[in-house]
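Me: I would like to go through the reasons behind some structural terms. Please take the structure below as the subject.

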Amino acid sequence: MIVDEAMEAANSFWPEAHCDPQKMAALAKVMRQNGGFENYGVPFCMTVEAEAMGAVVDLGGAHVEPHVTYSPLHSSGEADRLTSIDLTQGRPHCVLEAIRMLKQENDGVPTIGNVTGPVSVAGTLVDMTALLKEMRKSPETCVHLLERITHELIRYARAQIEAGADVLCISEPSGTGEILGARHFQTYALPYINQILDAVEAPVKIVHICGRLHSIYGLLDQIHCDVFSFDAMVQPEEIRPYLGSKAVMGNISTHALGTMQPEWVAALTKTALKNGVDIVSPACGLPVTAPFQNIQAMVQTVQTYKRTGS
Amino acid sequence: MDTSKEGLLKELSRCVLEMEDDTVADVARMYASQGYDPVDGILLGLVDGMNRAATLYDEEEYFIPEMLICSSAMYNGLEVLRPLLPQESEKQPCKIIIGVVQGDTHDIGKNLVKIMLESAGYTLVDLGRDVPADRFVSAVKEENAQVVAMSTLMSTSMDYMRQVIEALTSAGLRSQVKVIVGGAPISPAFAERIGADGYSSSATEAVKLVARLVG
């Protein structure tokens, strides 16, 4: 989650910062120093894993996030053609280096290592449309593909923690209840997210799932995470009863952070806190055009609320 | 197999609804070999099945994987029946430009909207995904389109929708097209703020929206 003003302040810009650990760490740092984020988070996109496994990525520009432009597999049946994530070079290495640099700051600020969820990675390695059809027509090959990907993601996530990340955050923009429905979520998303969570020892584990969630409310408590994060269209007070002892994280509208006045962001933040959000964060990423002012308004509202209870 | 027209229409519809995307082509060939009307086969058979699938989708009985297989069944049937359509029945339908805006490659929602609009008889020009604003503008010009439909799954790409509308305005084309938007992070309020003519939350609603806007 990086904004324009951060690139200016750190003199470190997209797309270069996606491939250069120093620039990546500098951007993460400035989001805290100038923006007020209470953590460091890397990387800034969801294409590192897929690229390392064979997808072609367009790194975008100063205002366009990296995105996959070519999927290496035609079908989930070709899973064995995937390459293993090489942790010693390319962008996975860059992310690990950036985490090491942030750790060396030794300033008590937690570093979040971000990992893309298995279904989302699968949906960029195989064309998503083909993958979704095969979830019904060819369950065995889909399972094999997801096992293969999960194995790689576990290696990558463990390396992030070893490099010094204090928090593991798995995000699923594609493996959602809204897209898959409860039955496929239970078969293809939940078990593999849990495999990663179970295999990686991290002090704090966050899972973020995009979109509307009511179709999978009943399954959320089965996710083995400490913190559950969700999108702006989900009401915290509605979802809370389904989350058991998990901390509730979210869900300040990404769009509001990008376009609205700071007073509005503050009001949204206060509402989220009143409605039971334990950890306030942007709902679903940060638009690159969001002003620092708005992030600061969000953070300051939280700090005031913690102090005064309103 | 019941080879009456009624029986085969029902079977075409059932194949689409129940995701039998291989069987459907055989049924369509059987229907055609009996000399039955291809227009009925498409509308009362294939499209009927797709509409029933859409109802299940609205009821959250079906989700995206099911809808995708239903639609490939419909297209497999169409491939058999379309060549049999009489030429003169090709009317000049309303043309719709559709695409996923720049920065985003998630195109499943867009594809579903396209499928439902095509089933409803519109002509779609699909610009694909990660489409820059000027591509939308040149497509409207070249195709003389009446509707522009944009989608994105990524909240970080939403603002490109505004840019497309601005680009249409500066090209002097805004008044000739209706602009509709959709996608997970999009809300009706957002659509209004960027000056779109309409928003729909699902592929099935998009059909009603377009019908309302272009009559």
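The turns below deal with the sheet, the helix packing, the domains and the chain contact of a predicted model.

Me: What makes strand 2 and strand 5 of chain B edge strands?

Reply: Five strands of chain B form an open sheet in the order 2-1-3-4-5, with parallel pairing. Strand 2 (123-126) and strand 5 (198-199) each pair on one side only, and are the edge strands of chain B.

Me: How do you know that strand 4 and strand 5 of chain B are joined, and how do they run?

Reply: Pairing requires at least two bridges between the strands. Strand 4 (residues 178-182) of chain B is joined to strand 5 by two bridges, so the requirement is met, and the two run parallel. As for partners, B:Val181 is bridged to B:Tyr199 in strand 5.

Me: Which helices of chain B pack on this sheet, and which strands do they touch?

Reply: Helix 6 (residues 133-143) of chain B touches strand 1 (95-100), strand 2 and strand 3 (147-151), and its direction makes about 165° with that of strand 1. Helix 9 (residues 203-214) of chain B touches strand 1, strand 3, strand 4 and strand 5; here the angle of about 165° is taken with strand 4.

Me: Why is strand 6 of chain A called mostly covered?

Reply: A residue counts as buried if 20 or more other C-beta atoms lie within 10 Å of its own. In strand 6 (residues 204-209) of chain A, five of six residues are buried, so the strand is mostly covered. Strand 6 of chain A also pairs with strand 5 (residues 167-172) of chain A in the parallel sense, over six bridges. A:Val167 stands opposite A:Val204 there.

Me: How do you know that helix 1 and helix 4 of chain B pack, and which residues make the contact?

Reply: The axes of helix 1 (residues 5-17) and helix 4 of chain B are 7 Å apart, at an angle of about 140°. Helix 1 contributes B:Leu12, B:Cys15, B:Val16 and B:Leu17, and helix 4 contributes B:Cys70, B:Ala73, B:Met74 and B:Gly77. By class, this contact has seven nonpolar, one polar and no charged residues. Gly is classed as polar. Beyond four places in sequence, the contacts of B:Val16 include B:Val24, B:Leu46 and B:Met50.

Me: Why is the largest nonpolar core said to lie between the two domains of chain B?

Reply: The largest nonpolar core has 185 residues, and A:Leu27 and B:Val16 have the most contacts inside it. Domain 1 (5-89) and domain 2 (95-214) of chain B both give residues to this core, so it lies between them.

Me: What makes up the side of domain 1 that touches domain 2 in chain B?

Reply: Nine residues of domain 1 of chain B are in contact with seven residues of domain 2. Helix 3 (38-58) and helix 4 of chain B each give two or more residues to that side of domain 1. Helix 3 supplies the largest share, five residues. That side divides into seven nonpolar, one polar and one charged. Between the domain centres, taken over C-alpha atoms, there are 26 Å.

Me: How many residues bring chain B into contact with chain A, and what kinds are they?

Reply: 23 residues of chain B are in contact with 29 residues of chain A. Helix 4 (64-81) and helix 5 (108-119) of chain B each supply at least two residues of the chain B side, and helix 4 gives the largest share, five residues. By class, the side of chain B that touches chain A has twelve nonpolar, six polar and five charged residues.

Technical notes. Residues are numbered from 1 along each chain as its sequence is written. Chains are lettered from A and ligands numbered from 1 in the order in which they are written. This is a predicted model: local features need pLDDT of at least 70, side-chain atom pairs count only at pLDDT 80 or more; totals for chains, interfaces and linings use all residues. Helices (H or I, at least four residues) and strands (E, at least two) are DSSP runs, numbered from the N terminus. Two residues are in contact if their C-beta atoms, placed from the backbone, lie within 7 Å. Axes are lines fitted to C-alpha atoms, for helices over the stretch in contact, and angles run from 0 to 180 degrees between N-to-C directions. A nonpolar core is a set of buried Ala, Val, Leu, Ile, Met, Phe, Trp, Tyr and Cys residues joined through C-beta atoms within 7 Å. A residue is buried if 20 or more other C-beta atoms lie within 10 Å of its own, exposed if 12 or fewer, and partly exposed in between; C-beta atoms are placed from the backbone. Domain bounds come from an automatic or database domain assignment.
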